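Work through these exercises with the model open beside you. Try each task before you read its solution.

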Amino acid sequence: MADAAFDAAGLPNDLTAGGAQFLVRSSARRIPPPLTHLGDGSCLARIGCGVLPALLAVRVIEASVTVILADGTVRTEQWRLLTSLPGPVAFPAAELVDLYHERRQPEAAYFSVKATMPDGRVLRSRSLQGLDQEVYALLATCQALIRAAADTVCTRPEADMDRISFTVLQSTAADTVVTATGILEVRQPTYVVVEPCQTAPTPEVPRVFRGQ
């Protein structure tokens, strides 16, 4: 799977020659003329005119994606996908559109490890062993955060795993560790009342007056 920047005819042709299947997003300027329309709305076409020695047969899927933001803003985007997966029965167009949407999850995971967790900091070790240790620490922490998100989804079925913000998840985990929320038992403070001590009265000293 690849974005629109990798939809050049050379890359899909090389993937097909190597025996691999591909699902890439085509740019808006590429409009392959349909040859055969399929039952799921997709069509068969050929690309690579003037570029490849032989035209490459592809399957074209047109999809309209609508996103509704929290503030009610509606944004609609047109997708044109090219794939080498044949047949609408084995690989329906709707399932391929959903699969392409999931492509962003690995990218978001790599971005979380490379940018979100380090927060602008770089690896400090100057040896290969130290770098391996830091990388494994980042991966282990990322895995623990993802497991925490998965546990949250299990306890709240209405929540969507894809809608959980990794940045918020990391900040919440850090605050939980610092404050030990749900880890240490909260004890009520004990108040000690100290009453003032009553001192014995000072005895009066008799005064002696001398007459003139």
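Buried means under 20% relative accessible area, exposed means over 50%, and partly exposed lies in between. Keep these cut-offs at hand. The model is a predicted one.

**Exercise 1. Take stock of the chain**

Task: Find how many helices and strands the chain has, and in which order the elements run.

Solution.
- Step 1: Count the elements. The chain holds five helices and five strands.
- Step 2: Read from the N terminus. The order is α-β-β-β-β-β-α-α-α-α.
- Step 3: Look at burial. Of the 212 residues in the chain, 23% are buried.
- Step 4: Look at contacts between residues at least 6 apart in sequence. Among these, 43% join residues at least 24 apart.

**Exercise 2. Order the sheet**

Task: Give the strand order of the open sheet, and explain why E1 and E2 each have one side without a neighbour in the sheet.

Solution.
- Step 1: Write down the order. The five strands run E1-E5-E4-E3-E2, and the pairing is antiparallel.
- Step 2: Go to the edges. Strand E1 (23-25) and strand E2 (36-37) stand there, and each has a single partner strand, so one side of each lacks a neighbour in the sheet.
- Step 3: Examine one pair. Strand E4 (residues 56-68) and strand E5 (residues 74-83) run antiparallel and are joined by ten bridges.
- Step 4: Pick out one bridge. Ile 68 has Val 74 in E5 as its bridge partner.
- Step 5: Add the helix. Helix H2 (residues 93-101) packs on the sheet and touches E1, E4 and E5. The direction of H2 makes about 110° with that of E5.

**Exercise 3. Classify an aromatic pair**

Task: Decide whether the pair of Trp 79 and Tyr 100 is stacked or edge-to-face.

Solution.
- Step 1: Count the pairs. There is one aromatic pair.
- Step 2: Take its geometry. The ring centres of Trp 79 and Tyr 100 are 5.1 Å apart, with 80° between the planes.
- Step 3: Apply the cut-off. Planes over 60 degrees apart count as edge-to-face, so this pair is edge-to-face.
- Step 4: Place the partners. Trp 79 is in strand E5 and Tyr 100 is in helix H2, 21 residues apart, so the pair links distant parts of the chain.
- Step 5: Check burial. Trp 79 has a relative accessible area of 5%, so it is buried. Tyr 100 has a relative accessible area of 1%, so Tyr 100 is buried.

**Exercise 4. Cross two helices**

Task: Describe how H4 and H5 are arranged, and which residues make their contact.

Solution.
- Step 1: Choose the descriptors. Two packed helices are described by the angle between their axes and the distance between the axes.
- Step 2: Apply them. The axes of helix H4 (residues 128-155) and helix H5 (residues 166-179) come within 10 Å and cross at roughly 100°.
- Step 3: Name the arrangement. H4 is therefore roughly perpendicular to H5.
- Step 4: List the contact. H4 supplies Cys 142, Leu 145, Ile 146 and Ala 149, while H5 supplies Phe 166, Leu 169, Gln 170 and Ala 173.
- Step 5: Sort by class. The contact has seven nonpolar residues, one polar and no charged ones.

**Exercise 5. Place Phe 6**

Task: Is Phe 6 buried, exposed or partly exposed, and which residues does it touch?

Solution.
- Step 1: Locate it. Phe 6 sits in the segment before helix H1 (10-17).
- Step 2: Compare with the cut-offs. Phe 6 has 48% relative accessibility, so it counts as partly exposed.
- Step 3: Find its contacts. Leaving out residues up to four places away in sequence, Phe 6 touches Leu 11 and Val 24.

Technical notes
Residues are numbered from 1 along each chain as its sequence is written. This is a predicted model: local features need pLDDT of at least 70, side-chain atom pairs count only at pLDDT 80 or more; totals for chains, interfaces and linings use all residues. Side-chain values use heavy atoms; hydrogens and water are left out. Two strands pair if DSSP finds at least two bridges between them. Helices (H or I, at least four residues) and strands (E, at least two) are DSSP runs, numbered from the N terminus. Contact means heavy atoms within 4.5 Å. Axes are lines fitted to C-alpha atoms, for helices over the stretch in contact, and angles run from 0 to 180 degrees between N-to-C directions. Rings of Phe, Tyr and Trp (its six-membered ring) pair if their centres lie within 6.5 Å; planes under 30 degrees apart count as stacked, over 60 as edge-to-face and the rest as tilted. Buried means under 20% relative accessible area, exposed over 50%, partly exposed in between (1.4 Å probe, protein chains only). Angles under 35 degrees count as roughly parallel, over 145 as roughly antiparallel, 65 to 115 as roughly perpendicular and the rest as oblique. Ala, Val, Leu, Ile, Met, Phe, Trp, Tyr, Cys and Pro count as nonpolar, Asp, Glu, Lys and Arg as charged, and the others, Gly among them, as polar.
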